[in-house]
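Reader: Hey, can you walk me through this one? I'd like to poke at a few spots.
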Amino acid sequence: MEDSWQKQNDAVRALMHDFVDRVVDMYSTMDARPVSKVPSAETLARAAAQEIPADGRALADVYEEMREEIYAHTILAQHPRFFACVPSTASLLSWMGEAMTAAYNPHASCQINAPVADLIEKKLVRWLCDAAGYPEGAGGLFVSGGSMANLTALVAARDAKLSADARGRAVVYLSDQTHSSVAKALTIIGFGKEQVRLVATDADFRMDMGALAAAVAADKAAGRKPFAVVASAGTTNTGSVDPLEAIADLCAKEDMWLHVDGAFGASVLLSTSHRARLSGIERADSLSWDAHKWLLQTFGCGIVLVRNCQTLINSFVAHPEYLKDVENDEDGIEFWDLGPELTRPARALKLWLTLQTMGTDAVGRAIDHGFALAEAAESLLAARDGWEIVSHAQLGVVNFRYVGDGTLDEDALALINARISQDVSADGFAMVFTTELRGKKVLRLCTIHPETTFEDVRRTVDKILDAQAHVTTKK
């Protein structure tokens, strides 16, 4: 048995040397590769027919199969021309950090298991708190992403603001542009749909303060308990930032918790040119932030921050007898006391490696670049007849649609714009999806990848215009 393990280790060594070379080549030539590669019917059939074998197979065969048939047929969200959703700006540095972390496999829930990794995560949390303008006593932890960050923060909000008998009367306020993970989180922690208010947004898709104040007043008059507002710092659809200062004022007046979903947009705090757009975020009770969106990280690198770390401790602390030996001697508080996970990977280390290598100035410039690309796309489209800018470029996002000569109804326009998206994305050069804004089917570009060039944007806009001509002629 010992000999067989050694043979396997030797095979892994050889194959992983090959794999590292291939990964570096892939990242080095990413712009020349398609954004996606559609699997053939034969590839899908082979995968569907495969079972778990009783006797193992040769590692080299499984490696080739994984590389050629599974990984090869993946949308590359880290591609510089992946403009759909909110792209992953994952860098080779982040992949390196993740590969190193996975190899050592540290258990990052308590200090004793990985003391230096524990220190690094605490330093990064404090650095992020400083960027957000949070005071001493703030804290948080790295989680899997914005969904888990929102869930964790809303548990803390519920426990801080509501007694058990008040939960049935409680109401939370979102905008009609709030990310769907917030509604999911509220359901998970026990709130019904009748306890969630969707507040209208203004012309710039920001939470309307008049509508919010009116909704809070109406709920109070009806005997309900307004307890939290979830504001957005960079919505997925439009990149809009809610009026954080005004919302913070209302929350302070009404004793409500303010959570800011900054999963996408909080990274603007690291920009010297655009940081002021997030003014007021420092007054939030909690903040979600995804490093795998605009901070060049591979997936699975989110952060939840709170102004008062004690609120997380109050909600999540647990000291079972089987963990007594690994508690630290300082205050007994570990990362497992700040969130729902017990076993958790060291998600912070790949971000640490990236920041140490790049420096904060380069990260700030990368964020500014995303703004400029979206503005360039808007300029190109605004100059064309028959095109409407539905949401102006902000935080690296612009929404637009083909409207023609004004004679087509909304159903026809929705079909045309959907087909444009499909045509543009079909050959793999770029990935452009649609979304809906106030009943309009629109095309959307999210241009936050630091390696995206202005030429990439220009050529993609040309592809969009060509697709429109093809779709409308064919029609």
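Author: Sure, below we go through a helix, a pocket and a few loop residues; keep in mind that this is a predicted model.

Reader: OK, start with α8. How many residues does α8 have, and how far does it reach?
Author: Helix α8 covers residues 209-221, which is 13 residues, and it reaches 18 Å from its first C-alpha to its last. That is close to the 18 Å expected at 1.5 Å a residue.

Reader: Which residues in α8 are buried?
Author: Leu212, Ala215, Val216 and Asp219. Looking down the axis of α8, the buried residues fall within an arc of 95 degrees, so they line one face of the helix.

Reader: Why do residues three or four places apart point the same way in an α-helix?
Author: An α-helix has 3.6 residues a turn, so residues with that spacing point the same way.

Reader: And what covers the buried residues of α8?
Author: The cover includes strands β2 (170-175), β3 (196-199) and β4 (225-232), plus helix α9 (244-254).

Reader: What about the ends? Which residue caps the N-terminal end of α8?
Author: Asp208 does, with a side-chain oxygen 3.0 Å from the backbone nitrogen of Gly210. After α8 comes Gly223, with a positive phi near 85 degrees.

Reader: Switching to pockets. What volume does the largest pocket have?
Author: About 1,200 Å³. Its lining has 32 residues, and the closest to the centre are Phe19, Val23, Met26, Arg67 and Tyr71.

Reader: Which helix gives the most to that lining?
Author: α1, with ten residues. Helices α1 (2-28), α3 (59-71) and α4 (92-104) each supply at least two.

Reader: Now Gln177. Where does it lie, and is it buried or exposed?
Author: Gln177 is in the loop between β2 and α7 (180-188). Its relative accessibility is 12%, so Gln177 counts as buried.

Reader: What does the side chain of Gln177 make a polar contact with?
Author: The side chain of Asn237, at 3.1 Å. Among the residues Gln177 touches, leaving out those up to four places away in sequence, are Thr201, Phe205 and Leu437.

Reader: Last thing, odd backbone angles. What is phi for Cys85 and for Leu296?
Author: Cys85 has a positive phi of about 50 degrees although it is not a glycine, and Leu296 has a positive phi near 65 degrees. Most residues other than glycine have a negative phi.

Reader: Where are they, and are they buried or exposed?
Author: Cys85 sits in the loop between α3 and α4 and, at 40% relative accessibility, counts as partly exposed. Leu296 is in the loop between α10 (291-294) and β7 (302-306), and at 7% relative accessibility Leu296 counts as buried.

Terms used:
Residues numbered from 1 in each chain as written. Predicted model: local features only at pLDDT ≥ 70, side-chain atom pairs only at ≥ 80, totals over all residues. Heavy atoms only, no water. Helix = DSSP H or I, 4+ residues; strand = E, 2+ residues; numbered from the N terminus. Expected span 1.5 Å × (residues − 1). Buried < 20%, exposed > 50% of the residue type's maximum accessible area, 1.4 Å probe, protein only. Arc of directions from axis to C-beta. Contact = heavy atoms within 4.5 Å. Polar contact = N/O pair within 3.5 Å; in protein donor to acceptor, adjacent residues only side chain to side chain. 1 Å grid on protein atoms, 1.4 Å probe; cavity = no way out; pocket = protein on both sides within 12 Å on 5 of 7 lines; lining within 4 Å. Points joined across faces, edges and corners; volume = space filled by probe spheres on them.
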